[in-house]
Amino acid sequence: MKGRDIRTGTPKEVILTEKDTAEALEGVVIGKQTTYNNIKANILGQFGLNPTDRITNNMFNELPDQQRQLLVKASEELKDATARYNRAKDFQVLYSIPEQ
């Protein structure tokens, strides 16, 4: 697909390598990991445990529904971001800026 540079009007084609895409998504993964770790550390703190400990099934079941949903959502978002990151490392994508 052909395109033009918005500023200069010259024809332009952009190639993003798997490295470029992976680097961009890496920040998303780090953010999701931080969110998940913060939620997990808060929950473990309620049980008097360290942030590096594991949440057991019994602990999870004792949590209020809102905290369980928050933890599950953060976990799912982290898994999704990690999967996108891993897929991006394996593919080179060609992007073009569409002509106006």
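**A tour of the salt bridges**

Begin by selecting Lys73 and Glu77, which form a salt bridge whose closest N and O atoms are 3.9 Å apart. The model on display is predicted. Both residues belong to helix 3, where Lys73 and Glu77 are 4 residues apart, about one turn of the helix.

Keep Glu77 selected and add Lys32. The side chains of Glu77 and Lys32 also meet in a salt bridge, with an N to O distance of 3.4 Å. This pair links distant parts of the chain: Glu77 sits in helix 3 (residues 65–88), whereas Lys32 sits in helix 1 (residues 18–46), and the two are 45 residues apart.

Next, display the solvent-accessible surface over this pair. Glu77 has a relative accessible area of 29%, and Lys32 has one of 27%. Because values from 20% to 50% lie between buried and exposed, Glu77 counts as partly exposed, and so does Lys32.

Now move along to Asp80 and Arg84. Their side chains meet in a salt bridge at 2.6 Å, N to O. Asp80 and Arg84 are 4 residues apart in helix 3, so about one helical turn separates them. Asp80 is partly exposed, at 41% relative accessible area; Arg84 is likewise partly exposed, at 29% relative accessibility.

Finally, select Lys32, Lys73 and Glu77 together. Salt bridges that share partners join these three residues into one network. For the wider context, a search of the whole structure finds 4 salt bridges, among them the Lys73 to Glu77 contact at which the tour began.

How values were computed
Residues are numbered from 1 along each chain as its sequence is written. This is a predicted model: local features need pLDDT of at least 70, side-chain atom pairs count only at pLDDT 80 or more; totals for chains, interfaces and linings use all residues. Side-chain values use heavy atoms; hydrogens and water are left out. Buried means under 20% relative accessible area, exposed over 50%, partly exposed in between (1.4 Å probe, protein chains only).
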